Amino acid sequence: MKQTVYLILLFLTISFNSFAKDIKGIYKVYVYFLPVGEVVFDIRGDRATVRGETYKSLRWIYNYTFRFEASPEGYFLYEKENKKEKVYKNQQIEKKKPWLPLIVKYIMEGKKPDTENDPHFPYKIEEKGDRVIIYPLKSKKVKKIVIKLSKNSRLPEKIDIEGKIDITLERIK
């Protein structure tokens, strides 16, 4: 009888911990001040998927979709820009879209990433109150990423990406 109770408690504890780590957030994306699309962060345990696309009403001007996946095995990015499709892995992503792995790493770990453990992609981090500022040191496209933290969730309220094109992600769900 005691073993059955212990097994049930163990099962409930493991189940609760695995469900507690699942996080999903939807963000409206702005280029400068114009709303252009949505990005969805879906984090389940040690895996993350980030999907984004331009609004259907804007696709005649610019049609962009992407799917980013992070797991203990590495990173994967599929992107379709107008009619061109590209696939990137690991360090290629850090050059093409450095904000994706850095933000996902921050959300998944729930704390400031350890910059010394990432020799392939150096970055500097500053924490100022409810904001975290990430400077990718080798990126030509991104100067800095400002993450406004949420009090109720590991998902940030707002993400500003400053670079060749300024992009803002505001959490709507």
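What share of the contacts in the protein with a separation of 6 or more is accounted for by residues 24 or more positions apart? In this predicted model, the share is 31%. I shall use that value as the opening to a description of the fold, and then turn to the surface and the charged pairs.

Let me begin with the overall composition. The protein has 173 residues, of which 36% count as buried. Its exposed area is about 11200 Å², and carbon and sulfur atoms contribute 55% of that area. There are three helices and 11 strands. Along the sequence, these elements follow the pattern α-β-β-β-β-β-β-α-α-β-β-β-β-β.

The sheet comes next. Its 11 strands form an open sheet in the order β6-β5-β4-β3-β2-β1-β11-β10-β9-β8-β7, and the pairing is antiparallel. The edges are held by β6, residues 84-89, and β7, residues 123-128; each has a single partner strand, so one side of each lacks a neighbour in the sheet. On average, and with direction ignored, neighbouring strands are turned by 15 degrees against each other. As a general remark, strands of a sheet pair through backbone hydrogen bonds, in either a parallel or an antiparallel manner.

I would like to follow part of this sheet strand by strand. Strands β1 and β2 run antiparallel and are joined by nine bridges. They form a hairpin with two residues between them, and Tyr-32 in the turn has a positive phi of about 55 degrees. Within this pair, Tyr-27 has Val-39 of β2 as its bridge partner. Val-39 in turn has a bridge partner in β3, namely Gly-52. Strands β2 and β3 are paired in the antiparallel sense over eight bridges. They too make a hairpin with two residues between them, where Gly-45 in the turn has a positive phi of about 65 degrees. Further along, β3, residues 47-54, pairs with β4, residues 64-71, in the antiparallel sense over six bridges. Here Glu-53 stands opposite Thr-65 in β4.

Against this sheet packs helix α3, residues 99-109. The helix touches β2, β3, β4, β5, β7, β8, β9, β10 and β11, and its direction makes about 45 degrees with that of β4. Why may α3 be described as largely enclosed by the rest of the structure? The reason is that nine of its 11 residues are buried. These buried residues are Trp-99, Leu-100, Pro-101, Leu-102, Ile-103, Val-104, Lys-105, Tyr-106 and Ile-107. I draw attention to Lys-105, which is listed among the buried residues of the helix.

I now turn to the surface. Tyr-32, which we met in the turn between β1 and β2, belongs to a nonpolar surface patch of about 480 Å² together with Phe-33, Leu-34 and Ile-165. Phe-33 lies in the loop between β1 and β2, and its relative accessibility of 67% places it in the exposed class. Another exposed residue is Lys-151, with a relative accessible area of 83%. Lys-151 is located in the loop between β9 and β10. Its C-alpha is 8.6 Å from that of Asp-130, a residue 21 positions away in sequence.

Finally, the charged pairs. In general, side chains of opposite charge can pair when their charged atoms come close. The count of salt bridges in this model is nine. One of them joins Glu-73 and Arg-47, with an N to O distance of 3.1 Å. Because Glu-73 lies in the loop between β4 and β5 while Arg-47 lies in strand β3, this pair ties together parts that are 26 residues apart in sequence. Glu-73 counts as exposed at 60% relative accessibility, whereas Arg-47 counts as partly exposed at 42%.

Two further examples may be given. Lys-128 and Glu-126 meet in a salt bridge of 3.5 Å, N to O, and Glu-126 is partly exposed with a relative accessible area of 23%. Lys-148 forms a salt bridge with Glu-157, where the closest N and O atoms are 3.1 Å apart. Glu-157 is partly exposed, at 35% relative accessibility. In addition, Asp-22, Asp-42 and Arg-44 are joined into one network by salt bridges that share partners.

Conventions. Residues are numbered from 1 along each chain as its sequence is written. This is a predicted model: local features need pLDDT of at least 70, side-chain atom pairs count only at pLDDT 80 or more; totals for chains, interfaces and linings use all residues. Side-chain values use heavy atoms; hydrogens and water are left out. Patches are made of residues with over 30% relative accessible area and no salt bridge: like charges are joined within 9 Å, nonpolar side chains (Val, Leu, Ile, Met, Phe, Trp, Tyr) within 5 Å. Accessible areas come from the Shrake-Rupley method with a 1.4 Å probe; for residues, only the protein chains shown count as cover. A salt bridge is a side-chain nitrogen of Lys or Arg within 4 Å of a carboxyl oxygen of Asp or Glu. Helices (H or I, at least four residues) and strands (E, at least two) are DSSP runs, numbered from the N terminus. Buried means under 20% relative accessible area, exposed over 50%, partly exposed in between (1.4 Å probe, protein chains only). Two strands pair if DSSP finds at least two bridges between them. Axes are lines fitted to C-alpha atoms, for helices over the stretch in contact, and angles run from 0 to 180 degrees between N-to-C directions. Contact means heavy atoms within 4.5 Å.
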